[in-house]
Amino acid sequence: MKLMSYQHAGRETWGVVVGDGVADLAARTGHATLADFIASPDFTRRDALVAGLKADAALADVKFLPVIPRPEKIVCAVRNYMDHHQEVLAAGMQRELSEQPPIFLRVWRSQTPHNGPIVRPHVSESLDWEGELAVIIGEGGRDIAEADAWKHVAGYSCYNDASIREWQFHAKQIASGKNFESTGGFGPWMVTADEIEPGRELKLEVRLNGETVQSSHTGHMIFSIPKLINYASTIFTLTPGDVIATGTPAGVGWSKKPPRFMKPGDQVEVEIEAVGLLRNTVVAQD
């Protein structure tokens, strides 16, 4: 099942993808947001709730929103693919593998939806792409054991953790380069976890103006999804609708010789097997 947040007729809502359209579920279920639905007992009986529904609007006629428009937390993994770690070393950065997952947080205003703009800010021309698998938390909790982690996953989506590189390198913490407004592409929808076998290797590809710039699979992750959930939930309580961006593989623009960055007018796509395709166009900040 594919669930999405969107705007139609001037109203923010959410629903289920039906063919080339979407059926509005906010009124039908009484849950105002997708995160509210995920947190409710109704989420476990979603198949019965959507059975036989017809689309209320065509996907072409709605404005996509980030899958979870205002998550409490967006937890992002740093250098979580071995091929990316190796390219970082080859590019001259001194980094060692850590025993625990390095993470940082994004704010929700840094997100942008499928078909929405990724905004290159005035202060930089080093806007880089990072295609990632996003995990959306279903059942929340604290101190979640790795063995129990999969049951806390509501679903998966595509993420573009676009980065303002020189701001990322202002200090040893990197959050300043990861939180500029409308830089984190998130969408187009959430594929529910029952559609994808836990731990399945998923092909991940990023294309810039049609050219493949990243091509890998999730089997190259250094820290698994259960480990990321375990680690994050040790720090803070995970809540329904929280997002974990699981890291990017090799092929980022910063590591190329010479470096290559996104510029206004570029189109960037993140496609993940069994999940979907996230597309954004780069624009300059007004």
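This is a short walk through the side-chain contacts and backbone features of one protein model.

Hi everyone, and thanks for coming. Before the details, the ground rules: the model is predicted, local features need pLDDT of at least 70, side-chain atom pairs count only at pLDDT 80 or more, and totals for chains, interfaces and linings use all residues. Residues are numbered from 1 along each chain as its sequence is written, and side-chain values use heavy atoms, with hydrogens and water left out.

Let me start with the helix I like to look at, helix 6, residues 225–235. Helices here are DSSP runs of H or I with at least four residues, strands are runs of E with at least two, and both are numbered from the N terminus. Of the 11 residues in helix 6, 8 are buried, so the helix is largely enclosed by the rest of the structure. By buried I mean under 20% relative accessible area; exposed is over 50%, and partly exposed is in between, using a 1.4 Å probe and protein chains only. The buried set is Ile225, Pro226, Lys227, Leu228, Ile229, Asn230, Ala232 and Ser233, so please notice that a lysine, Lys227, is on that list. What do these buried residues pack against? They pack against strand 6, strand 11 (131–137), strand 12 (153–161) and strand 17, where contact means heavy atoms within 4.5 Å.

Now, the cysteines. How many disulfides does a search of the whole structure find? The count is 0, with a disulfide defined as a pair of cysteine sulfur atoms within 2.5 Å. Take Cys76: its closest cysteine sulfur is in Cys158, 15 Å away, which is too far for a bond. Cys76 is buried at 0% relative accessible area, and Cys158 is buried at 0% as well.

On to the rings. There are 5 aromatic pairs, counting rings of Phe, Tyr and Trp (its six-membered ring) with centres within 6.5 Å; planes under 30 degrees apart are stacked, over 60 edge-to-face, and the rest tilted. One of them is Phe37 with Phe43, an edge-to-face pair with 5.7 Å between centres and 80° between planes. Phe37 is buried at 2%, and Phe43 is buried at 9%. Another pair is Tyr159 with Phe186, whose centres are 5.1 Å apart and whose planes meet at 40°, so this one is tilted. Tyr159 belongs to strand 12 and Phe186 to strand 14, so the pair ties together parts 27 residues apart in sequence. Both rings are buried: Tyr159 at 0% and Phe186 at 0%. Going back to the phenylalanines, ring pairs link Trp14, Phe37 and Phe43 into a cluster.

Phe43 has a further neighbour, since Arg46 lies over the face of its ring, 4.2 Å from the centre. For a charge to sit over a ring, NZ of Lys or CZ of Arg must be within 6 Å of the ring centre and within 35 degrees of the ring normal. Arg70 does this with Trp108, at 5.3 Å from the ring centre.

Next, the salt bridges, and there are 20 of them; each has a side-chain nitrogen of Lys or Arg within 4 Å of a carboxyl oxygen of Asp or Glu. Asp42 and Arg45 meet at 2.9 Å, N to O, with Asp42 buried at 15% and Arg45 partly exposed at 45%. Asp128 and Arg165 come to 2.8 Å between their closest N and O atoms. Asp128 is in strand 10 (residues 127–128) and Arg165 in helix 5 (residues 165–168), so this bridge ties together parts 37 residues apart in sequence. Both of these residues are buried. Glu211 bridges to Arg260 at 3.0 Å, linking strand 16 (residues 211–217) to the loop between strand 17 and strand 18, 49 residues apart. Glu211 is partly exposed at 40%, and so is Arg260 at 28%. Salt bridges with shared partners also join Arg106, Asp128, Glu130, Asp161, Arg165 and Lys178 into one network.

Last, the backbone. Most residues other than glycine have a negative phi, and most peptide bonds are trans. Gly187 and Pro188 are joined by a cis peptide bond, with omega about 0°, and Pro188 lies in strand 14 (residues 184–192). The bond from Lys257 to Pro258 is also cis, omega near -5°, and Pro258 sits in the loop between strand 17 (243–245) and strand 18 (267–272). For positive phi, look at Arg79, near 45°, in the loop between strand 6 (74–77) and helix 4 (82–90). Asn115 has a phi of about 70°, in the loop between strand 8 (111–113) and strand 9 (117–120).

Thanks, everyone!
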